[in-house]
Amino acid sequence: MAMDAHEIERLIREALPDATVEIRDLAGDGDHYAAVVVSESFRGKTRVMQHKIVYDALKGRMGGELHALALQTSAPQT
């Protein structure tokens, strides 16, 4: 079962309320997405830690409902 882009965005915003989130469906199949997530909570964290925060926000849906998510994460520019 495919996952809707709005659901991905909702889950990320639920975990990171301050985040700016942009989701793109890469293949038009609801299984392959790219996400750009900018959040102050990423400041001082490694890229791996930032991605883990986003994957945790998806509550186990990666690899199931959501096949692939290309992530680009960062803290806001100051």
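At 66% relative accessibility, Pro 17 counts as exposed, and this residue is a convenient place to enter the structure, which is a predicted model. Pro 17 sits in the loop that runs between helix 1 and strand 1 (20–25). Its C-alpha atom is separated by 14 Å from that of Asp 56, a residue 39 places away along the chain. Asp 56 itself will return below as a partner in a salt bridge.

Before going further into individual residues, it helps to set out the overall arrangement. The protein chain has 2 helices and 3 strands, and read from the N terminus these elements follow the order α-β-β-α-β. The radius of gyration is 12 Å, close to the 12 Å that the globule rule gives for 78 residues, so the chain is as compact as a globular protein of that length. Along the principal axes, the C-alpha trace spans about 40 × 20 × 20 Å. Of the 78 residues, 32% count as buried, while the chain as a whole exposes about 4,700 Å², with carbon and sulfur atoms supplying 54% of that area. Among the contacts that join residues at least 6 apart in sequence, 56% are between residues at least 24 apart.

Two buried loop residues show how such contacts look from the inside. Leu 58 is found in the loop between helix 2 and strand 3, and with a relative accessible area of 0% it counts as buried, because the cut-off for that class is under 20%. Once residues up to four places away in sequence are set aside, Leu 58 touches Ile 8, Leu 11, Ile 12, Leu 66 and Leu 69. The C-alpha atoms of Leu 58 and Ala 68 are 12 Å apart, with their positions 10 residues apart along the chain.

Ser 39 offers a second case, placed in the loop between strand 2 (32–38) and helix 2. Its relative accessible area is 1%, and Ser 39 is therefore also classed as buried. Leaving aside neighbours within four places in sequence, Ser 39 is in contact with Leu 16, Asp 18 and Ala 19, and also with Ser 74, Ala 75 and Pro 76. The C-alpha atom of Ser 39 is separated by 10.0 Å from that of Gln 77, which is 38 residues away along the chain.

The charged side chains can be taken up next. The chain carries 9 positive and 12 negative charges, and the mean positions of the two sets are 7 Å apart. Side chains of opposite charge can pair when their charged atoms come close. With a cut-off of 4 Å between the side-chain nitrogen and the carboxyl oxygen, the count comes to 6 salt bridges.

One of these salt bridges joins Glu 9 and Arg 13, whose closest N and O atoms are 2.9 Å apart. Both residues belong to helix 1 (residues 5–15), and because they are 4 residues apart there, about one helical turn separates them. Glu 9 is partly exposed, with a relative accessible area of 24%, and Arg 13 is likewise partly exposed, at 32%.

A comparable spacing is found in helix 2, where Lys 52 forms a salt bridge with Asp 56 and the closest N and O atoms are 2.9 Å apart. Lys 52 and Asp 56 are 4 residues apart in this helix, which means that about one helical turn lies between them. Lys 52 counts as partly exposed at 49% relative accessibility, and Asp 56 counts as partly exposed at 46%.

The salt bridge between Glu 14 and Lys 59, with its closest N and O atoms 2.6 Å apart, reaches across the sequence instead. Glu 14 lies in helix 1 and Lys 59 in the loop between helix 2 (47–57) and strand 3 (68–74), so this pair ties together parts that are 45 residues apart in sequence. Glu 14 is partly exposed, its relative accessible area being 45%. The pair also belongs to a network of salt bridges that links Glu 7, Arg 10, Glu 14 and Lys 59. The backbone of Lys 59 deserves a separate remark: its phi angle is near 50 degrees, a positive value in a residue other than glycine. Lys 59 lies in the loop between helix 2 and strand 3, where the buried Leu 58 is also found.

Terms used: Residues numbered from 1 in each chain as written. Predicted model: local features only at pLDDT ≥ 70, side-chain atom pairs only at ≥ 80, totals over all residues. Heavy atoms only, no water. Buried < 20%, exposed > 50% of the residue type's maximum accessible area, 1.4 Å probe, protein only. Rg over C-alpha atoms; globule rule 2.2 N^0.38 Å. Contact = heavy atoms within 4.5 Å. Areas by Shrake-Rupley, 256 points an atom, 1.4 Å probe, with all protein chains shown as cover. Lys, Arg positive; Asp, Glu negative; His and termini not counted. Charge placed at Lys NZ, Arg CZ, Asp CG, Glu CD.
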